[in-house]
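Colleague: I am new to this structure, and I would like to understand how each term is earned. Could we take the terms one by one, setting the values against the cut-offs?

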Amino acid sequence: MKKKIPLNTLYVSDLAQLYFPRSTVTSAVSQLRRWILLNPDLVQRLNELHYHKGQRALTPLQREAVIRYLGPPDLSENDRL
């Protein structure tokens, strides 16, 4: 059975660990934020959705934007969901 990302508000750290499961929480968040900044279309979309620097939780729309622009994380390595 394929695992799914929760549909409610999600902490940036939780999403980061889905993308970088072998990294520490701090490192995973830094890497995810770097990926976001390197994608100008994603940055623009997140700004439209009122995302701000230092935000700890993502709304469902913000989370969907990240997944749309970065692609879904590989959940096969994650047993958290």
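Modeller: Let us begin with the classes of residue: Ala, Val, Leu, Ile, Met, Phe, Trp, Tyr, Cys and Pro count as nonpolar, Asp, Glu, Lys and Arg as charged, and the others, Gly among them, as polar. Please keep in mind throughout that this is a predicted model.

Colleague: How do the residues of the lining of the largest pocket divide into nonpolar, polar and charged?

Modeller: The lining consists of R33, I36, L37, V43, L46, N47, Y51, H52, K53 and G54, and under those classes the residues divide into five nonpolar, three polar and two charged. The elements that contribute two or more residues to this lining are α2 (25–37) and α3 (40–48), and the space in the largest pocket comes to about 190 Å³.

Colleague: Which elements does the chain have, and in what order do they run?

Modeller: There are four helices and two strands in the chain, and from the N terminus on the order is β-α-α-α-β-α.

Colleague: What makes Y19 count as buried?

Modeller: Buried means under 20% relative accessible area, and Y19 counts as buried because its relative accessibility is 12%. The same cut-off settles the case of F20, which is buried because its relative accessible area is 10%. Over the chain, with its 81 residues, buried residues make up 37%.

Colleague: Why, then, is W35 called partly exposed?

Modeller: The term partly exposed covers what lies between the 20% limit for buried and the 50% limit for exposed, and W35 has a relative accessibility of 37%, so W35 counts as partly exposed. S27, which is found in helix α2, has a relative accessible area of 31% and is therefore partly exposed as well. S27 and A16 are eleven residues apart in sequence, while their C-alpha atoms are 8.8 Å apart in space.

Colleague: How many aromatic pairs does a search of the whole structure find, and why is the pair of Y19 and W35 called edge-to-face?

Modeller: The search finds two aromatic pairs. Rings pair if their centres lie within 6.5 Å, and planes over 60 degrees apart count as edge-to-face; the rings of Y19 and W35 have their centres 6.1 Å apart and their planes at 70°, so both conditions are met and the pair is edge-to-face. This pair links distant parts of the chain, with Y19 in helix α1 and W35 in helix α2, 16 residues apart.

Colleague: What is the angle between the planes of F20 and W35?

Modeller: For F20 and W35 the angle is 75°, with 4.8 Å centre to centre, and this pair is edge-to-face. F20 lies in the loop between α1 and α2 and W35 in helix α2, 15 residues apart, and the pair links distant parts of the chain. Ring pairs thus join Y19, F20 and W35 into a cluster.

Colleague: Which residues have the most contacts inside the largest nonpolar core?

Modeller: That core has 20 residues, and those with the most contacts inside it are L15, Y19, L32, L46 and V66. The elements that give two or more residues to this core are α1 (12–19), α2, α3 and α4 (60–70), and α1 gives the most, with five residues. Once its neighbours within four places in sequence are left aside, L32 is in contact with V12, L15, A16, Y19, F20, V66 and L70.

Conventions
Residues numbered from 1 in each chain as written. Predicted model: local features only at pLDDT ≥ 70, side-chain atom pairs only at ≥ 80, totals over all residues. Heavy atoms only, no water. 1 Å grid on protein atoms, 1.4 Å probe; cavity = no way out; pocket = protein on both sides within 12 Å on 5 of 7 lines; lining within 4 Å. Points joined across faces, edges and corners; volume = space filled by probe spheres on them. Buried < 20%, exposed > 50% of the residue type's maximum accessible area, 1.4 Å probe, protein only. Core = buried A, V, L, I, M, F, W, Y, C linked by side-chain atoms within 4.5 Å. Contact = heavy atoms within 4.5 Å. Phe/Tyr/Trp six-rings, centres within 6.5 Å; stacked < 30°, edge-to-face > 60°.
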